[in-house]
Amino acid sequence: MHQSDIAAYRCRCAQFVLAITPPLSNLPHRDPSICGVPSIVIPRNDGRCVFTINADRDRKSTNLRRKDGKDERWFMYHCPRCNLAVAYDTADKEAAFTYILESALLPMDVDEGNSVNETRRI
Ligand SMILES: [Zn+2]
């Protein structure tokens, strides 16, 4: 796995939130006919995808009505600095997927000297 395969994302307040390989742009989007909120799907139990999320997860779920009429429980993840919702999952524990809210995160330049890039040689 190459260093350059790791992508980092920040909240709109500049707080570092997510480091992931492969980049979010390589991951699938959730079916918009099920969920009206644009979301990117991170498979948690799939060896292809490794990530670290720096966000506070709600202990209590929020109930949402899906477009197909079913109810879904969302455990929201919030930015630790500004509390913006950045992601969610839908299971009490052992969630198979984490969903990133597309509008919440912005890509970071990993060459700016944050810890994601600490093994870089000068
Ligand atoms: Zn924030």
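A salt bridge is a side-chain nitrogen of Lys or Arg within 4 Å of a carboxyl oxygen of Asp or Glu. The exercises below use this definition, among others, on a model that is predicted.

**Exercise 1. Decide whether R66 and D68 form a salt bridge, and find the network to which they belong.**

Solution. Step one is to take the N to O distance between the side chains of R66 and D68, which is 2.6 Å. Step two is to compare this value with the cut-off of 4 Å; the side chains of R66 and D68 do meet in a salt bridge. Step three is to look for further partners, and here R30, R66, D68 and E72 turn out to be linked in a network of salt bridges. The structure holds seven salt bridges, and another of them joins the side chains of R48 and D46, with 2.7 Å from N to O. As general background, side chains of opposite charge can pair when their charged atoms come close.

**Exercise 2. Describe the surroundings of E72, and state whether E72 is buried or exposed.**

Solution. Begin with the place of E72 in the fold, which is strand β7. Next, consider its accessibility: buried means under 20% relative accessible area, and E72 is buried because its value is 9%. Its salt-bridge partner R30 has a relative accessibility of 12%, so R30 counts as buried too. The side chains of R30 and E72 meet at 2.9 Å, N to O, and this pair links distant parts of the chain, since R30 stands in the loop between β2 and β3 while E72 is in strand β7, 42 residues apart. Finally, leaving aside neighbours within four places in sequence, the residues in contact with E72 include T62, N63, L64 and T90.

By way of contrast, R48 is exposed at 65%, whereas its partner D46 is partly exposed at 23%.

**Exercise 3. Work out which atoms hold the zinc ion and what arrangement they make.**

Solution. First list the protein donors, which are the SG atoms of C11, C13, C79 and C82, lying 2.2 to 2.3 Å from the zinc ion. Then read their spacing along the chain, which is C-x1-C-x65-C-x2-C. Two of these donors, C11 in strand β1 (residues 7-11) and C79 in the loop between β7 (71-78) and β8 (85-89), are 68 residues apart and link distant parts of the chain. Both C11 and C79 are buried. The last step concerns the angles: the four donor atoms subtend 104 to 114° around the zinc ion, and therefore the arrangement is tetrahedral. For reference, the ideal angle for four tetrahedral donors is 109.5 degrees.

**Exercise 4. Find where the backbone takes a cis peptide bond or a positive phi.**

Solution. Start from the general rule that most residues other than glycine have a negative phi, and that most peptide bonds are trans. A cis peptide bond joins T21 and P22, with omega of about -5°, and P22 is found in the loop between β2 (16-21) and β3 (39-43). Turning to phi, N83 has a positive value near 70° and lies in the loop between β7 and β8, while E94 has a positive value near 55° and lies in the loop between β8 and β9 (97-101). As for accessibility, N83 is exposed at 51%, and E94 likewise counts as exposed, at 74%.

Terms used:
Residues numbered from 1 in each chain as written. Predicted model: local features only at pLDDT ≥ 70, side-chain atom pairs only at ≥ 80, totals over all residues. Heavy atoms only, no water. Donors = N, O, S within 2.8 Å, 3.2 Å for Na, K, Ca; no water. Tetrahedral: all angles 85-135°; square planar, octahedral: opposite > 155°, others 65-115°. Helix = DSSP H or I, 4+ residues; strand = E, 2+ residues; numbered from the N terminus. Buried < 20%, exposed > 50% of the residue type's maximum accessible area, 1.4 Å probe, protein only. Contact = heavy atoms within 4.5 Å.
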